[in-house]
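Let us walk through this structure together, from a few local details of the side chains and backbone out to the chain as a whole. Please have the model open and follow along.

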Amino acid sequence: MGRSAHPDKRLIMSVFSDYLAKTLAALWYRLDRRHRETVRRNLAFAYGEELSAADRERLAREVFEHYVRFAWETVVLLLAPLSYIKNRVVLLGEHNQAEALKKGRGLVALAAHTGNWEFTAIGYGLQYRRIAVVARERGHPLGRRLARYLRARGGNWMVNKQRGLKDILSHLNKNRVVGIVIDQNTSDREGMLADFFGHPARTTPVAALLARRGVPVMPSLSRRLPDGRHLMVFFPELPFEKTGDVEGDIKRHLTRQNQVIEAWVRQEPSQWLWLHRRWKNQFPELYKDL
């Protein structure tokens, strides 16, 4: 009798969790005009006629629900036992990374803001090996300490994005995995243009520059599964083709990076960071008055 009650209890908790996430997301969506309009405009810009207005509106609300769940999962990452976090992450294709590391040049894990990338990064570090996570330092001291604690809790290193190249090279020289997120807008000085959802977007060339030096670069993308676990897939290494045109070679590699990320986002679009103004540099009018 006692045993049979457990599945019912889990079902009740799951239904309550879904209801709470949807309720909080709906409230956030209603009150936060800036992010609501950013998501709506990004979806219209990226998908155009591929999605009806009703489908875009539904998807926009699902994006908010995803990030409500993301916020709760961050609390879990801060407080839950590491053994629990480890068991909530499913990793596929790790043999691709293991094979690439045999070259002794380290490895760049090409990441994006898909699923819960923080959860899978910790899970990977707990299941296989520590990784160096390249990230921008938070402006607020409390946020900065929390971010560092979160990433270091499972044993990973954090590399400050603003001053990171020296540290990145140091980790690679020790044949370590370095995670670099490449799907956010950059300044004109820091990024190159590469298409994303059919529109040019400023993209950091760091991973492509390292690939040109012989460092393996491998997409490593995340997604939340229907049962609440988190999936990370390690794709095969992206080839870098050298010609006499250095800039063209780098841009071609950047385009491949964005194509892989776009294909992944299209499979589960509600789990990408549509709240970010991805095309701000090239299309500032898209975010006018926001």
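A residue is called buried here when its relative accessible area is under 20%, exposed when it is over 50%, and partly exposed in between. Keep in mind that the model is a predicted one.

With those cut-offs in hand, take F235: its relative accessibility is 26%, so it counts as partly exposed. W264, in contrast, has 6% relative accessibility and therefore counts as buried. What is the geometry of the pair formed by the rings of F235 and W264? Their centres are 5.8 Å apart and their planes stand at 90°, so the pair is edge-to-face. This pair joins distant parts of the chain, with F235 in the loop between β9 (230-234) and α10, W264 in helix α10, and the two positions 29 residues apart in sequence.

That contact belongs to a wider theme, as the structure holds 16 aromatic pairs. Another of interest is formed by F196 and W272, whose ring centres lie 5.3 Å apart with the planes at 55°, so this pair is tilted. F196 belongs to strand β6 (residues 192-196), while W272 is found in the segment after α10 (246-267), so the contact ties together parts 76 residues apart in sequence. Both F196 and W272 are buried. If you look around them, you will find that they are members of one aromatic cluster, made up of F45, Y47, F196, F197, W272, W274, W279 and F283.

Charged side chains meet rings here too. R278 lies over the face of F196, at 5.7 Å from the ring centre, so to speak of F196 is to speak of a ring with both an aromatic partner in W272 and an arginine over its face. Elsewhere, the charged end of R176 sits over the ring of W157, 4.1 Å from the centre of that ring.

Just before R176 in the numbering is N175, and here the backbone deserves a look. Most residues other than glycine have a negative phi. The phi of N175, however, is positive, near 60°. N175 is placed in the loop between α8 (165-173) and β5 (177-181), and its relative accessible area of 28% makes it partly exposed. D289 also has a positive phi, near 70°. D289 lies in the segment after α10, and at 54% relative accessibility it counts as exposed.

Now turn to the open spaces. The second largest pocket has a volume of about 1000 Å³. Which residues lie nearest its centre? They are S17, D18, R69, E73 and G228, out of a lining of 31 residues. The elements that give two or more residues to this lining are α1 (2-31), α3 (53-79) and β8 (217-224). By class, the lining is made of 13 nonpolar, 7 polar and 11 charged residues.

Finally, step back to the whole chain, which has 10 helices and 9 strands. Its radius of gyration is 20 Å, close to the 19 Å that the globule rule gives for 290 residues, so the chain is as compact as a globular protein of that length. Along the principal axes, the C-alpha trace spans about 70 × 45 × 35 Å. Of the 290 residues, 48% count as buried, and W264, F196 and W272 are among the buried residues you have already met.

Definitions and conventions
Residues numbered from 1 in each chain as written. Predicted model: local features only at pLDDT ≥ 70, side-chain atom pairs only at ≥ 80, totals over all residues. Heavy atoms only, no water. 1 Å grid on protein atoms, 1.4 Å probe; cavity = no way out; pocket = protein on both sides within 12 Å on 5 of 7 lines; lining within 4 Å. Points joined across faces, edges and corners; volume = space filled by probe spheres on them. Helix = DSSP H or I, 4+ residues; strand = E, 2+ residues; numbered from the N terminus. Nonpolar A, V, L, I, M, F, W, Y, C, P; charged D, E, K, R; others polar. Phe/Tyr/Trp six-rings, centres within 6.5 Å; stacked < 30°, edge-to-face > 60°. Buried < 20%, exposed > 50% of the residue type's maximum accessible area, 1.4 Å probe, protein only. Lys NZ or Arg CZ within 6 Å of the ring centre and 35° of its normal. Rg over C-alpha atoms; globule rule 2.2 N^0.38 Å.
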